[in-house]
Amino acid sequence: MTQDNKKSDGMAAAAEPSPIDARHFRTVLGSFPTGVVAITCVEASTTPVAMIVGSFTSVSLEPPLVSFLADRSSSTQARIRARGRFCANVLAADQERLCRTLAARGTDKFDGITWEQSPLGNPILPGIVSWIDCMVDDVIEIGDHYLIVGRVHALHTVTDKTPLLFLRGAYGDYFSNAALVLDRLMDWP
């Protein structure tokens, strides 16, 4: 390393990263499974709205915070942000059809779908694994997405079904024989 490549504090200067091909980026990151969550809310006109995300995660226990990423170009995320509240519905492995319905653009996503109201008035979908009801706590613009942080007001596990996962461009679930044996031995949950 030459003197020109050092910062004044002795640290090596960060090299400018080379451009990353978008398809390659998606392929590499698609090798990591993500959970599939329907983010729902009800607009003031009582119209339910929903979007599907694979980026839902817990953020903090104290205070209880969760988050998800949404594309800035999504009109649904703008509607959810404007409402200031949402319910994260963790989809079950047998809900791929519901997932695809709610992920579609320009359709009446809730046509034929029954739902219950959460404590904050958001849609809780039938057959899900669990739900987390939140008020929007913060929104951070990151690249071409928004990181939407929610403060948890209520949450509930509905069933012990396995969750729907997304991996390598396809939906599926995780089923471990070892986990099944342990669950039965431990009488879990």
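This note goes through the predicted model in numbered points, from the overall make-up to single residues.

1. Overall make-up. The protein is a predicted model, and it contains four helices and 12 strands. Of its 189 residues, 31% count as buried. Among the contacts with a separation of 6 or more, 61% are between residues 24 or more positions apart.

2. The seven-stranded sheet. Seven strands form an open sheet in the order S3-S2-S6-S9-S10-S5-S4, and their pairing is antiparallel. At the edges stand strand S3, residues 48-53, and strand S4, residues 57-60, each of which pairs on one side only. Neighbouring strands of this sheet are turned against each other by 35° on average, when direction is ignored. As a general point, the strands of a sheet pair through backbone hydrogen bonds, and they may do so in a parallel or an antiparallel way.

3. The pairing of S5 with S10. Within that sheet, strand S5 (residues 65-71) and strand S10 (residues 145-157) are joined in the antiparallel sense over seven bridges. To find the register in the viewer, one can start from phenylalanine 68, which stands opposite isoleucine 148 in S10.

4. Helices on the sheet. Helix H2, residues 75-83, packs on the sheet and touches S2 (37-42), S3, S5, S6 (85-90), S9 (130-142) and S10, while its direction makes about 120° with that of S3. Helix H3, made of residues 96-103, lies across S2 and S3 and runs at about 110° to S3.

5. Helix H1. Is helix H1 buried, or does it lie in the open? The number of buried residues among the eight of H1 (residues 22-29) is zero, so this helix lies largely in the open. Its N-terminal end is capped by aspartate 21, a side-chain oxygen of which lies 3.3 Å from the backbone nitrogen of arginine 23.

6. The largest pocket. The volume of the largest pocket is about 1,600 Å³, and its lining is made up of 42 residues, of which Arg26, Ile52, Val53, Gly54 and His145 lie nearest the centre. Two or more lining residues come from each of H1, S1 (34-35), S3, S5, H2 and H3. Which of the elements gives the most to this lining? It is S3, with six residues. The edge strand S3 of the seven-stranded sheet is thus an element to inspect when looking at the pocket.

7. The three-stranded sheet. A further open sheet has three strands in the order S1-S11-S12, again with antiparallel pairing. Its edge strands are S1 and S12 (170-173), each pairing on one side only. Two bridges join S1 to S11 in an antiparallel run, whereas S11 (residues 164-167) and S12 pair in the antiparallel sense over four bridges. Phenylalanine 166 can be followed in both pairings: threonine 34 stands opposite this residue in S11, and tyrosine 171 is its bridge partner in S12.

8. Arginine 168. This residue is found in the loop between S11 and S12, and the hairpin of these strands has two residues between them. Its phi is near 50°, a positive value in a residue other than glycine. In general, most residues other than glycine have a negative phi. Is arginine 168 buried or exposed? Its relative accessibility is 64%, and because a residue with over 50% is classed as exposed, arginine 168 counts as exposed.

9. The cis peptide bond. The peptide bond that runs from glutamate 62 to proline 63 is cis, with omega near 0°. Proline 63 is found in the loop between S4 and S5. Most peptide bonds are trans.

10. Serine 130. This residue has its place in strand S9. Serine 130 is buried, because its relative accessible area is 13% and the class takes in residues under 20%. With neighbours within four places in sequence left aside, serine 130 is in contact with Ala88, Asn89, Val90, His156, Thr157 and Val158.

Conventions: Residues are numbered from 1 along each chain as its sequence is written. This is a predicted model: local features need pLDDT of at least 70, side-chain atom pairs count only at pLDDT 80 or more; totals for chains, interfaces and linings use all residues. Side-chain values use heavy atoms; hydrogens and water are left out. Two strands pair if DSSP finds at least two bridges between them. Axes are lines fitted to C-alpha atoms, for helices over the stretch in contact, and angles run from 0 to 180 degrees between N-to-C directions. Contact means heavy atoms within 4.5 Å. Buried means under 20% relative accessible area, exposed over 50%, partly exposed in between (1.4 Å probe, protein chains only). A polar contact is a pair of N or O atoms within 3.5 Å; within protein, one must be able to donate a hydrogen and the other to accept it, and residues adjacent in sequence count only if both atoms are side-chain atoms. On a 1 Å grid over the protein atoms alone, a cavity is a set of points where a 1.4 Å probe fits but cannot get out, and a pocket is an open set with protein on both sides within 12 Å along at least five of seven lines; lining residues have an atom within 4 Å of a point. Grid points are joined across faces, edges and corners, and a volume is the space filled by probe spheres set on the points.
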